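Here is a set of short questions on one protein model, each with a worked answer. Keep the structure open as you read.

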Amino acid sequence: MRLKDKVAIVTGGGSGFGEGIAATFAREGAKTIVADIDEAAAARVAAAIAAAGGTAKALRADVAKAADTDAMIAAAVEGYGRLDILVNNAGVSHRNGPMLGVDEATFDRVFAVNVKSIFLAAHAAIPVFRRQGGGGVILTTASTAGLRPRPGLVWYNGSKGAAITLTKAMAVELAPEKIRVNCLCPVAGETPLLATFMGEDTPEKRAQFKASIPMGRLSTPQDIANAALYLCSDEAEFITGVAFEVDGGRCI
């Protein structure tokens, strides 16, 4: 098992990519905190992990709030004795449409969940990594939107561009302490956010999105989980600062 005895937190773990990551990590031996703003969704995923023989606890957390983030990190340490992996996966978007159609409150929420959460998680997790003697992994779910922006998602694109830049800057600063920081850049996938990205979920919109992906399909939670597993495992011990494209060729 590639994550045997590791302790991991996965935010946004109640659905989509986060659910895939949490289930895969648990299957590979990690003790996992499934954190989500939807407590029932987190509980469902944790229960499914336990039923499959894994170890997981559900936790409600709004990653845009410092108190919730601090409590999430504390829950891992108090429940499992340490923290090895933090996956900043929770994310939101505005609906696909003209940039001036997005109001200030929506913009603030997108940047709070997609960007400020990285700041809050770093403040909470890095001191834990240091107290443990150094080492640790931070993985953020960014997006191809931060590399090859689509029209209609301007402010979301910007938030994911920020996530990528933060990943690289953190990686450089933390490398001497063997704290690795990477991010994933998935193409649009079968998650609850898909309709928001497309503006509306219709066969025509799906065909349009698939046509922009050379491999001809959307991503799946398992695609993303497989990449996350590698980057968070000891096999990737010399990899940091990477924006890993999981996109079927979208960014070529």
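Q: Is Lys178 buried or exposed?
A: This is a predicted model, and Lys178 lies in its loop between helix 5 and strand 6. The relative accessibility of Lys178 is 65%. The cut-off for exposed is over 50%, so Lys178 counts as exposed.

Q: What is phi of Lys178 near?
A: Lys178 is a residue other than glycine. Its phi is nonetheless a positive value, near 60°.

Q: Which residue in the segment before strand 1 has a positive phi?
A: The residue is one other than glycine, and its phi is near 70°. It lies in the segment before strand 1. The residue is Asp5.

Q: Is Thr141 buried or exposed?
A: Thr141 is found in strand 5, residues 136-141. Its relative accessible area is 6%. Buried means under 20%, so Thr141 is buried.

Q: How many Å apart are Thr141 and Tyr156 in space, C-alpha to C-alpha?
A: Leaving aside neighbours within four places in sequence, Thr141 is in contact with Phe17, Asn88, Asn89, Lys160, Leu184 and Pro186. Tyr156 is 15 residues from Thr141 in sequence. In space, C-alpha to C-alpha, Thr141 and Tyr156 are apart by 13 Å.

Q: Why is helix 4 described as roughly parallel to helix 5?
A: Helix 4 covers residues 104-131, and helix 5 covers residues 154-174. Their axes come within 8 Å. Angles under 35 degrees count as roughly parallel. Helix 4 is roughly parallel to helix 5 because the axes cross at roughly 15°.

Q: How many residues in the contact of helix 4 with helix 5 are nonpolar?
A: The crossing of these helices is right-handed. Helix 4 brings residues including Phe107, Val110, Ile118 and Arg130, and helix 5 brings residues including Trp155, Lys160, Leu166 and Met170. Of the residues in this contact, 3 are polar and 2 are charged, while the nonpolar ones number 14.

Q: How are helix 3 and helix 4 arranged relative to each other?
A: Two packed helices are described by the angle between their axes and the distance between the axes. For helix 3 and helix 4, the axes are 9 Å apart and the angle is about 30°. Angles under 35 degrees count as roughly parallel. Helix 3 and helix 4 are therefore roughly parallel.

Q: How many charged residues are in the contact of helix 3 with helix 4?
A: Helix 3 offers Ala66, Thr69, Asp70, Ile73 and Val77, which meet Leu120, Ala121, Ala124, Ala125 and Val128 in helix 4. The contact holds 8 nonpolar residues and 1 polar residue. The charged residues number 1.

Q: Which element gives the most residues to the largest nonpolar core?
A: Nonpolar side chains tend to be buried together in soluble globular proteins. Here the largest nonpolar core has 31 residues, and Ile9, Met72, Ile73, Leu83, Leu86 and Met170 touch the most other members. Strand 1, strand 2, helix 3, helix 4, helix 5 and strand 6 each supply at least two residues. With 8 residues, the element that gives the most is helix 4.

Q: Which residues does Ile73 touch, not counting residues up to four places away in sequence?
A: Ile73 is one of the residues that touch the most other members of the largest core. Leaving out residues up to four places away in sequence, Ile73 touches Ile9, Leu83, Leu86, Ala124, Ala125 and Val128.

Q: How many residues does the second, separate core have?
A: This core includes Phe25, Ile49, Val87 and Leu139. Its residues number 28.

Methods:
Residues are numbered from 1 along each chain as its sequence is written. This is a predicted model: local features need pLDDT of at least 70, side-chain atom pairs count only at pLDDT 80 or more; totals for chains, interfaces and linings use all residues. Side-chain values use heavy atoms; hydrogens and water are left out. Axes are lines fitted to C-alpha atoms, for helices over the stretch in contact, and angles run from 0 to 180 degrees between N-to-C directions. Helices (H or I, at least four residues) and strands (E, at least two) are DSSP runs, numbered from the N terminus. Angles under 35 degrees count as roughly parallel, over 145 as roughly antiparallel, 65 to 115 as roughly perpendicular and the rest as oblique. A crossing is left-handed if the near helix is turned anticlockwise from the far one by less than a right angle, and right-handed if clockwise. Contact means heavy atoms within 4.5 Å. Ala, Val, Leu, Ile, Met, Phe, Trp, Tyr, Cys and Pro count as nonpolar, Asp, Glu, Lys and Arg as charged, and the others, Gly among them, as polar. A nonpolar core is a set of buried Ala, Val, Leu, Ile, Met, Phe, Trp, Tyr and Cys residues joined through side-chain atoms within 4.5 Å. Buried means under 20% relative accessible area, exposed over 50%, partly exposed in between (1.4 Å probe, protein chains only).
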